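Open the model in your viewer and keep the sequence panel beside it. The stops below say what to select and what is there.

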Amino acid sequence: MKRVALIGLGTMGPGIAARLSRGGLDVAACDVSSAAVERARAALPIAEGVLDRLGIAAPASGAGTVRLVGTVAEAVEGADLVLENVPEDSAIKASVYAEIDALVGPDVIVASDTSGIPITTLQAHISHPSRFVGMHWSNPPHIIPMIEVIAGAETAPGTVATIRELIRSLGLLPVVVKKDVPGFVENRVLYALLREVVDLVERGVIEPEDADTCVSWASWSPSAAFSRGRAETMSSPGAEHGPTKAGGPLAAGARVVGSALETLLGLVLIAVVLVNVANAAGRYLFRTSLTGTDEVMVFSMIFVVVIG
């Protein structure tokens, strides 16, 4: 696989394009919004600079390219993979799939970066649904290495395997979701935490500010794990029952914090989680949320403080 078409730029598109090209793939990207294209044009060198600072090198064959083109037809020409990244609206996505369908052959894999619409629902809008798969990136996509891979009811096992191996070839972490449930896994876990916090606040158990502190610094949180710095400090009473137990995910994370790069990634991931939780809580409690521009500003501030 060498060429990828990215349909829809939005907030995550520039980071996705930068990470794919850094992995040696040639990317052609488009968006119906000229403003989104211009934002992407400005954001791409920033994302590439972040990848440089994180030490993410291109393969020996060299980095790929990113082209911003004007139409879906231009983007998908010669593509081995088409990655849809348009707004979370099934009708919009269906319209895009109909356009893609008329332009590519049945052997071209079509993937969606939907954050929660069932893949079975989406693949009903494309011919040869066996080549359709979920490829859910996290925000910011050029920093977070985990990508969920989701099969719909008609997705071929070979399609899942191809995308899984592509992700691995980029030096990223594929997570195969075995059942096509709404929200997949990452967002279901995030919103389970959010629902519990909102319930506690609404019942007067705790003030929002104290809930934020509790979640940020609980013994199982990334903040606490990275602040301690070593797995040996995870041996406090009760630790054997939680995710920081020996062999647990946070203990494993804490064991590698000695590297400056891994410490940096840990801090950035903590910030990402907090931004996402704050955004979701803001939508629920205050009917407001960060705009795409706000998110770029937040992550830029993170890098100025932590990297710069």
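Which residues does Arg 19 touch, not counting residues up to four places away in sequence? Select Arg 19 and the answer is Leu 51, Ile 56, Trp 137, Pro 141, His 142, Leu 170, Gly 171 and Leu 172. Contact here means heavy atoms within 4.5 Å.

Before going on, note that this is a predicted model, in which local features need pLDDT of at least 70 and side-chain atom pairs count only at pLDDT 80 or more, while totals for chains, interfaces and linings use all residues. Residues are numbered from 1 along each chain as its sequence is written, and side-chain values use heavy atoms, with hydrogens and water left out.

**Stop 1: Arg 19 and helix α1**

Stay on Arg 19, which sits in helix α1 (residues 13-22). Helices (H or I, at least four residues) and strands (E, at least two) are DSSP runs, numbered from the N terminus. Arg 19 is buried but has no salt bridge. Buried means under 20% relative accessible area, exposed means over 50%, and partly exposed is in between (1.4 Å probe, protein chains only). A salt bridge is a side-chain nitrogen of Lys or Arg within 4 Å of a carboxyl oxygen of Asp or Glu. For Arg 19, the nearest side chain of opposite charge is Asp 52, 10 Å away. In this count Lys and Arg are positive and Asp and Glu negative; His and the chain ends are not counted.

Now select the whole of α1. This helix is mostly covered, with 10 of its 10 residues buried. Among them are Ile 16, Leu 20 and Arg 22. The buried residues of α1 pack against β1, β2, α2, β3 and β4.

**Stop 2: strand β1 and its partners**

Select residues 3-7, strand β1. Four of its five residues are buried, so β1 is largely enclosed by the rest of the structure. Next add strand β2 (residues 26-30), which pairs with β1 in the parallel sense over five bridges. Two strands pair if DSSP finds at least two bridges between them. To see the register, label Ile 7 and Cys 30: Ile 7 stands opposite Cys 30 in β2.

Then add strand β4 (residues 81-84), which runs parallel to β1 and is joined to β1 by four bridges. Here the bridge partner of Val 4 is Leu 81.

With β1, α1 and β2 all shown, trace the path: they make a right-handed β-α-β unit. Right-handed means that, with the strands pointing away from the viewer, the path from the first strand over the helix to the second runs clockwise.

**Stop 3: Gly 24 and Gly 64**

Just after α1, select Gly 24, which takes a positive phi of about 100°. Gly 24 is also one of the contacts of Gly 64, along with Ser 21, Leu 25 and Asp 26, leaving aside neighbours of Gly 64 within four places in sequence.

Move to Gly 64, in the loop between α2 and β3 (66-68). Gly 64 is buried, with a relative accessible area of 17%. Draw a distance from its C-alpha atom to that of Ser 21: the separation is 4.3 Å, although the two are 43 residues apart along the chain.

**Stop 4: salt bridges**

How many salt bridges does the structure hold? There are eight. Start with Glu 38 and Arg 41, whose side chains meet at 3.4 Å, N to O. Both lie in helix α2 (residues 34-53), three residues apart, about one turn of the helix. An α-helix has 3.6 residues a turn, so residues three or four places apart point the same way. Glu 38 is partly exposed at 44% relative accessible area, and Arg 41 is partly exposed at 44%.

Then select Glu 165. Its side chain meets that of Arg 164 in a salt bridge (3.5 Å, N to O) and that of Arg 168 in another (2.7 Å, N to O). Arg 168 and Glu 165 both lie in helix α6 (residues 157-169). Glu 165 is partly exposed at 38%, as are Arg 164 at 25% and Arg 168 at 47%.

Finish this stop with Glu 84, Glu 88 and Lys 93, which are linked in a network of salt bridges.

**Stop 5: confidence**

Colour the model by pLDDT, the predictor's confidence in each residue, from 0 to 100. The protein averages 81, and 71% of the residues score at least 70. Select residues 229-265, where pLDDT stays under 50 and the model has 41 contacts beyond four places in sequence. Then select residues 280-308, where pLDDT is also below 50, with 38 contacts beyond near neighbours in sequence. Where pLDDT is low, the predicted coordinates should not be read in detail.
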